[in-house]
Every structure is written in C-alpha cells, then in structure tokens.
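User: Could you walk me through this one at an easy pace? I have some questions ready and would like the reasoning along with each answer.

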Amino acid sequence: MGVDGTAGNVLSIQEVGEAIVHLTVATETRPNPGQFYLLRAWQEAPLLGRPISVFDYSEGKVEFVFKIVGKGTEILAKLKVNDKLQLQGPFGNGFPEVEGKILLIGGGLGNAPLHATAKVLKAKGQEVDLRLGFAEKIYLEKEFNQAATNTQFVVGGLVTNGLNIRDYDAVLTCGPHPMMEAVVKMAHQAGIPSYVSIEKRMACGIGACLVCTCKTKSGNKKTCKDGPVFEGEEIFYEDEDKIS
Amino acid sequence: MKTKIKFLDLELKNPIIAASGTFGFGEEYAEHYDIEKLGGISYKGLTLDPRDGNDGIRVWETPAGMMNSVGLENPGVDAFARKIWPRIQDRNLISVVNLGGSTLETYLEGIRRLEHCDYDILELNISCPNVKAGGMAFGTEAKSAERITRAVRMTTQKRLMVKLSPNVGNIGEIAKACQAGGADAISLINTVQAMAIDTKSREIVFNNTYAGLSGPAIRPIALRMVHQTAKAVNIPIVGMGGISNADEVIQFLMAGASAVQIGTAFFTNPDQIFQIPTELEMWMEKEGVQSLEEIIGIV
C-alpha cells in the first residue's frame, strides 16, 4: 500500500482572506505539527501535487490554509464540499517538541503551520506566544487567538519589531527567508535554540528526487524528508558574522 | 508470473523499472510501498566523485511535464559501494547502476570502483543534459558514443546498457555506434533539453540556463525514438519518457522496447505505477497474450 494516497472528502472550504483559502478534508491520517501533504485534485495537469502544510487537525480531518498562486491552487480553491481530492502524506519531520516558554513567529502563509504547532504545545501545558505578520489583512484571527497563550498580530510591518526574544526558551519560525534569518540571528544572540520551516518547490515529497535540496551547515539536505524544519543555524550559517 | 520477460540473460518479473534520478536508491519508496512489485530499479545516477548538484531552482512545471536541473547530486561511487549497496543488494529486483562522468577516465575509474558490487546492469549515462560535465557530449555524436562504449566494454564484464539522449539528430546512428562499441542494450530517452523564463522577474529560471524536460509531454517523442532505435539495432531496448500506465507500457513494447523505465509518474501517482504489473496481466488475459515478448516490436 502507498503513502496514505487516499482520496479525502472536502468537509469545508472558504476564502478567509484575499486569495487565502481554508480547506478541511476528511482523512484517517494523522500528522504532526509542521508536516505537510501533497494535495492533488486533478488527473493530468498540473503534473505535480501541491505541498501544503497542516493548519490544524483533529480526529478524522486535516485543515489546510493556502494562497491561490497558480493553476494547482486555483483548482484546489474551486473544490466544493464533498468533492474528492488526493492526499499524500503526511510528509516531513515537523516541529520538534521544545520545552519552556516558546515563541512562534511567522509571516504570510508561514503563519499557517504555526497554528497547529501552537495548539499542540499549548495543550501540553506550555506557555506559547504567537507573533504573526500579515501583509494587509489578518485571516483566521479567532483561530490564531485560541491557539496560543498570547497572540500578537502585526499588519504591514516587521514582525520582529519590539520583540524581546530573551523572554523565551526556544523560538519556532516560518515565513519569508529574511524574516526567519533575522529571527535566527536574534535567537543566536540571546543564546536560545531556533527552528525554521523551509519552503521549496517539490516533486516526490519523500526524499527520492532531490529537487528540493537545501544547503545546510552539514551539507545538502532534503527539504521534504530531512525538513521542512531545521535548526535555524543549520540553514542561516553562510556568513558566521550574520549570527554572531 | 505472467508478466515476466527475458532481458539479456536476466529474468524480470515484469518490464517495469524505476528510472534513474526519480527513485533514489529505492530506500525512500521502500518505506511506503512494496517496491519489489517492480521488475527493477535504475539507481540515482552516480559519478566518480560526490556531487552537490546545481544551485538555484531545480524543478519547474510545464503544462504536461516538468523540467529538472538537479545536476547529478549524488554521494559518489565509493560511498555507494561501501555504504549503500550493502543495504540494498538483497532485494528481489533487477539492479541497474547508472553512471555518469565528465571524462572517459572518470567513467572508467568509476566502473572499476564498482566492480566488486554484484549489480545486474551497468547503465552508462552519456546523456545528462543538466551539467556541463554530465557526459552528454559523449552521447550526441556517433563516433564518441562508440569510443566510450568500447572503452567501457574493455573495462568491465558487467551487462552494459547505454542511456541515450534525445537531443541528437539521428538516434539510430548513435544507437548503432553503441552496439558496434559492444553495448548489450540501449535505454532511451533521457530528458529533453528545455528552457523556462520567469516573466515576473524577467530572468531565466534555471541557473544552468537549460534543464531537462520529462513527463507526458515527451512521451510521443520517446516512443518515436524507441521505434527508430529498434529499427537500427538488434540488441534489447529499454524505453522511457512520460510513461504512466499499462497502455503506455504496451505502446513502448510494441514500438520495440523489451522493458520500460518509469520516472516522473512516480511523483504524480505512485500508487498507480505499482498497479501497472497487475493491469498488464489483465490486459494479457483479455487479449489472449501468453507472454509480453509476443508484442515486442510488432509495429
């Protein structure tokens, strides 16, 4: 049998922001926070499934939040309740279990996987601060507010402004590379561990094709299998001065 | 098994071989699938020394295919022989080692260092379009294709299959030259050299400018080239290029291939690929075909 290449029923689908879609699919698979699935709702074209990270999950269903950027996501966005789509996954390592007071800091679509991660950490009794950056408009505000101990939204500005990272024991981040790089640098200076979730174009999703290779301190790694979550300093290492 | 075929002196339980570069060394897929349902695996292309592969974007979709520019990222022949081969050698599968190179000497030295591995077929890659030193120069001209095939033939006793590039004028001539050089079999086609431009950034997508196109888009080209090659040589052919189901496998067999390789389709619907042997059996029953060998080259 395959990698849970099951057809999932669409349980709900709605546009929650400009070209931002919240999709809930019935599935018996159970992901970890920070993992992703390859979604596919077409036969021939586009060729490849779309890697979409997990926004939330509970018994029998997985939720995704994605942005309409091309043909594949356009097709996914047009799905209706009860339509079927193919889910392959869950793939990737997901965020690690970190202890203490945790900061999750995201930007853009990178906010989505932090939702599930915050919820899981909070449920384990940890203090979890979510700090999320949105370009123009906040989406799924209520859900994000409920996911963490404290949630702070930044619209149109730098999500790192005014941040005192020394308040935390670890930081998890997902979003644009310059943002993640800044967070890793701050965490390094504060002496706390940081973890970043990398986004790359993918094909197989399981580590065989090597099209999503990313460079790390310890050589080439497969984003889909060794990642998408890496220790921050594994990725943002090129110029040691940057993080020292 | 109904779908078994004879290939050289080997018996494949079915004609489906995973194509090099799409299946790693089989280990990732083995975590999720029963990979021994396949007839064989052509492993990720090796080179003498390890390679990090290309920088920048490595994959780009097209309407009916995908372009890749991985650039032969691989651990090198020594790491394969020492660490990987011992882990994978006992599978009930035909094992194909795909080897690329930059100079004749790097090919020959690579083969020597793999000699103690008891793999089934050496697939000589003289057709990788994604690195300047990927060996495609050897495969685009009949004389150089013959020269490298002959040199390899004199270096190894392994079954020798030469993987050809579609980026040539006369595929039959190149295939004939490889046969004259001592090849036991031919596999084709490697990816078609292609290009993409990102109109938003006004830049060429791939750092290496050109990339290799695979998937359904190239299937009719591959089928034509397998047919032309089958008319030109009398050694077995392994056909590949955009194959994703049993009907397409049958087309390639009818065009003259004795087996096929499947690559890109593993990314789109791996479950379906592992079903192909069963679908072939159903087709054989329906059509009253006793052995797939009956249909090889019938068109």
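User: Happy to start at the beginning of chain B: where is B:Thr3 found?

Analyst: A word on conventions: this is a predicted model, where local features need pLDDT of at least 70, side-chain atom pairs count only at pLDDT 80 or more, and totals for chains, interfaces and linings use all residues. Residues are numbered from 1 along each chain as its sequence is written, chains are lettered from A and ligands numbered from 1 in the order in which they are written, and side-chain values use heavy atoms, with hydrogens and water left out. Helices (H or I, at least four residues) and strands (E, at least two) are DSSP runs, numbered from the N terminus. B:Thr3 is found in the segment before strand 1 (5–7) of chain B.

User: Is B:Thr3 buried or exposed?

Analyst: Buried means under 20% relative accessible area, exposed over 50%, and partly exposed in between (1.4 Å probe, protein chains only). The relative accessible area of B:Thr3 is 0%, so B:Thr3 is buried.

User: Which backbone oxygen lies 2.8 Å from a polar atom of the B:Thr3 side chain?

Analyst: Contact means heavy atoms within 4.5 Å. Leaving aside residues up to four places away in sequence, B:Thr3 touches residues including B:Pro277, B:Leu280 and B:Met284, as well as B:Lys13. The oxygen that lies 2.8 Å from a polar atom of the B:Thr3 side chain is the backbone oxygen of B:Lys13.

User: Some of those contacts belong to helix 10 of chain B. At which residue does helix 10 of chain B bend?

Analyst: Helix 10 (residues 270–287) of chain B has 18 residues and reaches 26 Å from its first C-alpha to its last, close to the expected 26 Å; the expected span is 1.5 Å times one less than the number of residues. The bend at a residue is the angle between axes fitted to the seven residues ending there and the seven starting there. In helix 10 of chain B this angle is about 40°, with a proline, B:Pro277, following within four residues, and the bend is at B:Ile276.

User: What covers the buried residues of helix 10 of chain B?

Analyst: The buried residues of this helix include B:Pro277, B:Leu280 and B:Met284. Their cover includes helix 8 (246–255) and strand 16 (259–262) of chain B, and from chain A it includes strand 6 (84–91).

User: Which strands make up the closed barrel in chain B?

Analyst: Two strands pair if DSSP finds at least two bridges between them. One such pair is strand 4 (residues 40–42) and strand 7 (residues 94–99) of chain B, parallel over three bridges, where B:Ser42 stands opposite B:Val96. The closed barrel has eight strands with parallel pairing, in the order 3-4-7-8-9-10-15-16.

User: Which strands of chain B does helix 5 touch as it packs on the sheet?

Analyst: Axes are lines fitted to C-alpha atoms, for helices over the stretch in contact, and angles run from 0 to 180 degrees between N-to-C directions. Helix 5 (residues 142–155) of chain B has a direction about 160° from that of strand 9 of chain B, and the strands helix 5 touches are strand 8 (121–125) and strand 9 (159–163).

User: Turning to chain A, which residue is the bridge partner of A:Lys215?

Analyst: Strand 12 (residues 213–216) and strand 13 (residues 219–222) of chain A run antiparallel, joined by four bridges. They form a hairpin with two residues between them. In strand 13 of chain A, the partner of A:Lys215 is A:Asn220.

User: Which residue does a cis peptide bond join to A:Gly89?

Analyst: Most residues other than glycine have a negative phi, and most peptide bonds are trans. Another cis bond runs from A:Ala45 to A:Pro46, with omega near -5°, and A:Pro46 is in the loop between strand 3 (36–40) and strand 4 (50–58) of chain A. The bond from A:Gly89 has omega of about 0° and leads to A:Pro90.

User: What is the phi of B:Leu72?

Analyst: B:Leu72 lies in the loop between strand 6 (65–68) and helix 2 (77–88) of chain B. Its relative accessible area is 6%, so B:Leu72 is buried. Although B:Leu72 is not a glycine, its phi is positive, at about 55°.

Methods
A polar contact is a pair of N or O atoms within 3.5 Å; within protein, one must be able to donate a hydrogen and the other to accept it, and residues adjacent in sequence count only if both atoms are side-chain atoms.
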